[in-house]
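Here is a short report on how two protein chains and two DNA strands meet. Have the sequence and the 3D view open as you read.

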2 protein chains.
Amino acid sequence: MKTTTINDVAKQAGVSKKTVSRVINNEANVSEDTRAKVQKAIVETNFKRNPLGMALAKNRSLFIALLTDNPSPGYLMKLQKGILQSCTEEHMGLFLYDCSYNSNNLLKEIEEFIDNTLVDGFVLAPPICDKLELLEMLNRKNIQYIRIGPSYKHQGEFVGLNYYKASYDVASYLVRLKHTNIGYIKGHPDEESSTIKENGFKQALQDNKINWDSRLVAQGYYTYQSGRDAAALLLNNKPAPTAIFASNDEMAAGVLYEAQSRGIKVPDELSICGIDDISITTKVFPNITTYRHPLVNIGYRAAVLLINRLKNKQSSAPYGDSKNNETFDGELVIRDSTASIK
Amino acid sequence: MKTTTINDVAKQAGVSKKTVSRVINNEANVSEDTRAKVQKAIVETNFKRNPLGMALAKNRSLFIALLTDNPSPGYLMKLQKGILQSCTEEHMGLFLYDCSYNSNNLLKEIEEFIDNTLVDGFVLAPPICDKLELLEMLNRKNIQYIRIGPSYKHQGEFVGLNYYKASYDVASYLVRLKHTNIGYIKGHPDEESSTIKENGFKQALQDNKINWDSRLVAQGYYTYQSGRDAAALLLNNKPAPTAIFASNDEMAAGVLYEAQSRGIKVPDELSICGIDDISITTKVFPNITTYRHPLVNIGYRAAVLLINRLKNKQSSAPYGDSKNNETFDGELVIRDSTASIK
DNA sequence: CTGAAAGCGCTTACAG
DNA sequence: CTGAAAGCGCTTACAG
């Protein structure tokens with residue numbers, strides 16, 4: 001099955017292939033007449049531009065990749081879904097690359113990946129989006145990227161989640177339920193988001209005149225197991241907290257398990273909240289109250305911004321230092337894992 | 001940063017670029033002497049073959065893609081992880097494409113994806129791997145693929161899971177726990193695996209002289225919600241089943257939720273089992289007894305087989321009709337959602 | 001506004 | 001065993 005090339009279109013339209021190239025790239029300086037002729041020929045010959053030809057000539061593939069470090073599956077799935085959707089709309093393929101945050105030769109591995117696939121854009125998911133050496137390497141190699149996460153040391157563009165509002169709102173909600181003895185499980189110490197969420201939590205306490213008690217704070221790492229472990233610690237307090245706020249859902253699920261394995265009734269004896277609204281929150285019993293981040297949308301927008309940037313760069317349209325950042329708000333989602341103090 | 005090309009290597013080694021090409025493709029007919037010279041030059045110039053150049057010349061990208069229909073996230077994540085691992089080892093990129101099984105123009109969309117990315121190989125996950133029109137289209141376009149799932153109408157190669165053994169073993173285990181009133185939730189009616197699992201279940205009942213009771217069988221669709229719905233139906237039976245065997249974990253999690261929301265104690269009043277061993281089974285309380293399929297391994301092997309095939313085809317090595325199928329066994333994993341009848 | 005030439009990095013087909 | 005030529009499908013840089 002011979003595919004039709006730019007040459008076939010040129011012949012059919014009676015123009016040079018350069019002119020065809022102009023049309024498919026939407027360049028200026030083509031008379032309306034010939035443009036129409038070419039477009040007609042494109043349809044007639046069922047022409048599709050071969051991306052490899054373009055990539056080789058331009059030295060840019062327009063392929064993008066999602067770089068992850070295998071965080072919570074539910075989080076990743078939603079993000080991935082949005083990114084994929086945008087890529088499909090833009091007729092682009094999405095590469096996947098799963099790396100290891102702590103690998104010693106992380107940078108080398110990623111450079112190799114770039115060489116092997118010739119991607120020229122990355123969507124960086126947390127926690128990899130906060131890895132400064134990586135961002136610097138990408139800058140050096142002139143590989144475009146967009147970060148999923150809050151602004152970080154002024155590197156690159158980002159699509160942000162409003163982590164502060166998330167934790168502030170969740171904490172305030174728990175206070176409205178008359179909880180004052182609230183355990184808090186922090187996120188991974190290396191991630192920007194952890195600090196921001198903690199600040200939101202503290203501020204909510206302060207605004208409600210509740211004292212901050214360090215015995216009610218436990219270190220987590222955004223993983224299920226770390227949520228369990230932290231809950232075990234917090235629940236050993238006397239008196240035990242009446243609510244535990246885990247700074248992501250993956251940990252909240254761990255808290256729920258730990259509570260249930262100790263025979264603690266949720267929400268009657270313990271309220272539990274998370275952040276993100278990943279799928280597991282509606283699969284466990286009881287469903288977990290959380291703060292919904294529009295992750296699918298966030299992934300979608302991140303990919304759109306990245307792809308637009310690549311395309312603009314290609315057509316040498318103005319692309320200054322103006323950053324196209326977007327920050328998404330979310331909303332509190334009240335479910336069955338929280339109840340008010342009687 | 002100018003990258004070094006085959007020409008640079010040729011110059012450095014004092015040979016023609018064709019000879020360099022021979023060396024990097026491991027072709028015969030190169031004297032050991034020049035091969036060594038070229039290899040030395042490759043190292044010295046830090047040469048990396050540009051995949052786009054090769055792809056354009058050969059009209060094959062060696063890129064592969066994972067084609068999914070967004071099944072249970074946990075299932076997909078494990079599969080993806082294995083595939084990714086193999087791709088990384090082989091220095092290949094993995095494209096992702098999420099399609100909609102029921103889309104009217106599924107085939108057209110996939111053809112477009114192929115045109116846009118020039119992938120020349122697919123890993124087909126269930127349920128998409130059982131879509132005959134798709135397989136035929138891929139055959140026609142001469143796109144290689146490997147299916148994750150049992151043999152199906154003699155199409156293509158596959159990496160199979162032993163579904164029969166899975167359900168036979170789980171059912172037998174429930175019988176050993178003295179359950180005789182066992183509810184069964186079938187898989188999606190369009191998927192081969194559903195029939196095979198049901199056969200395994202029936203055979204186990206028969207071998208243990210337990211009568212098959214159609215009121216104890218409910219239709220599921222491999223989704224969480226369908227598991228809940230089916231459980232609701234089954235639990236309305238009088239007497240209610242003492243165990244429910246869902247033919248995948250996603251549904252088993254739904255069963256657990258439904259039971260708990262009715263105040264039914266698991267495992268004391270109801271035992272629950274699934275199949276697959278996806279991550280949710282160890283995140284809910286109680287952890288769910290299941291049959292572990294080595295999904296990471298399965299994904300890994302599938303990608304290895306596919307990539308080898310592509311490479312062999314490329315080097316025109318013998319590639320007959322000999323199929324390289326592999327079938328993986330799994331193992332029963334007993335956890336806390338099952339108990340014996342007193 | 002349009003096109004002929006040269007080139008991106010590699011391979012195939014052929015000649016020696 | 002080795003290489004010069006032509007080509008994969010597209011674009012850039014230039015000329016008109």
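Across the interface of chain B and chain A of this predicted model, nine residue pairs are in polar contact, both residues at pLDDT 80 or more. A polar contact is a pair of N or O atoms within 3.5 Å; within protein, one must be able to donate a hydrogen and the other to accept it, and residues adjacent in sequence count only if both atoms are side-chain atoms. α4, α5 (73-89), β2 (94-98), α6 (106-117) and α11 (249-261) of chain B each supply at least two residues of the side that touches chain A. Helices (H or I, at least four residues) and strands (E, at least two) are DSSP runs, numbered from the N terminus. The largest share of that side of chain B comes from α5(B), with seven residues. By class, the side of chain B that touches chain A has 23 nonpolar, 14 polar and nine charged residues. Here Ala, Val, Leu, Ile, Met, Phe, Trp, Tyr, Cys and Pro count as nonpolar, Asp, Glu, Lys and Arg as charged, and the others, Gly among them, as polar.

Salt bridges come next. Chain B and chain A share four of them. Each is a side-chain nitrogen of Lys or Arg within 4 Å of a carboxyl oxygen of Asp or Glu. One joins Lys48(B) to Asp115(A), at 3.6 Å from N to O.

How many residues does each chain give to the contact? Chain A gives 46 residues and chain B gives 46 residues, where contact means heavy atoms within 4.5 Å. The two chains bury about 4,200 Å² between them, 68% of it on carbon and sulfur atoms. Buried area is the accessible area (1.4 Å probe) that two parts lose on being put together, summed over both. In chain B, Leu52(B), Lys283(B) and Phe285(B) lose the most area to chain A, together 16% of what that side buries.

The strands take part too. Strand β2 (residues 94-98) of chain A runs antiparallel to β2(B), and three bridges join them. Two strands pair if DSSP finds at least two bridges between them. Leu94(A) has Leu96(B) as its bridge partner.

Now the DNA. DNA strand D is surrounded by 27 residues; the closest are Ile6(A), Lys18(A), Ser21(A), Asn50(A) and Thr34(B). A residue is near a strand if one of its heavy atoms lies within 4 Å of it. Of the atoms of DNA strand C within 4 Å of the protein, 65% belong to sugar or phosphate and the rest to bases. The table lists some polar atom pairs.

| Protein atom | DNA atom | Distance |
|---|---|---|
| Lys17(A), polar side-chain atom | strand D, base nitrogen | 2.6 Å |
| Asn25(A), side-chain N or O | strand D, phosphate oxygen | 2.6 Å |
| Arg22(B), side-chain N or O | strand D, base oxygen | 2.6 Å |
| Ser16(A), backbone N or O | strand C, phosphate oxygen | 3.0 Å |
| Thr34(A), polar side-chain atom | strand C, phosphate oxygen | 2.8 Å |
| Lys17(B), polar side-chain atom | strand C, base nitrogen | 2.6 Å |

Which element gives the most to the surface near DNA strand D? That is α4(A), with five residues. For DNA strand C, the largest share is five residues from α4(B).

Residues are numbered from 1 along each chain as its sequence is written, and chains are lettered from A and ligands numbered from 1 in the order in which they are written. In this predicted model, local features need pLDDT of at least 70, side-chain atom pairs count only at pLDDT 80 or more, and totals for chains, interfaces and linings use all residues; side-chain values use heavy atoms, without hydrogens and water.
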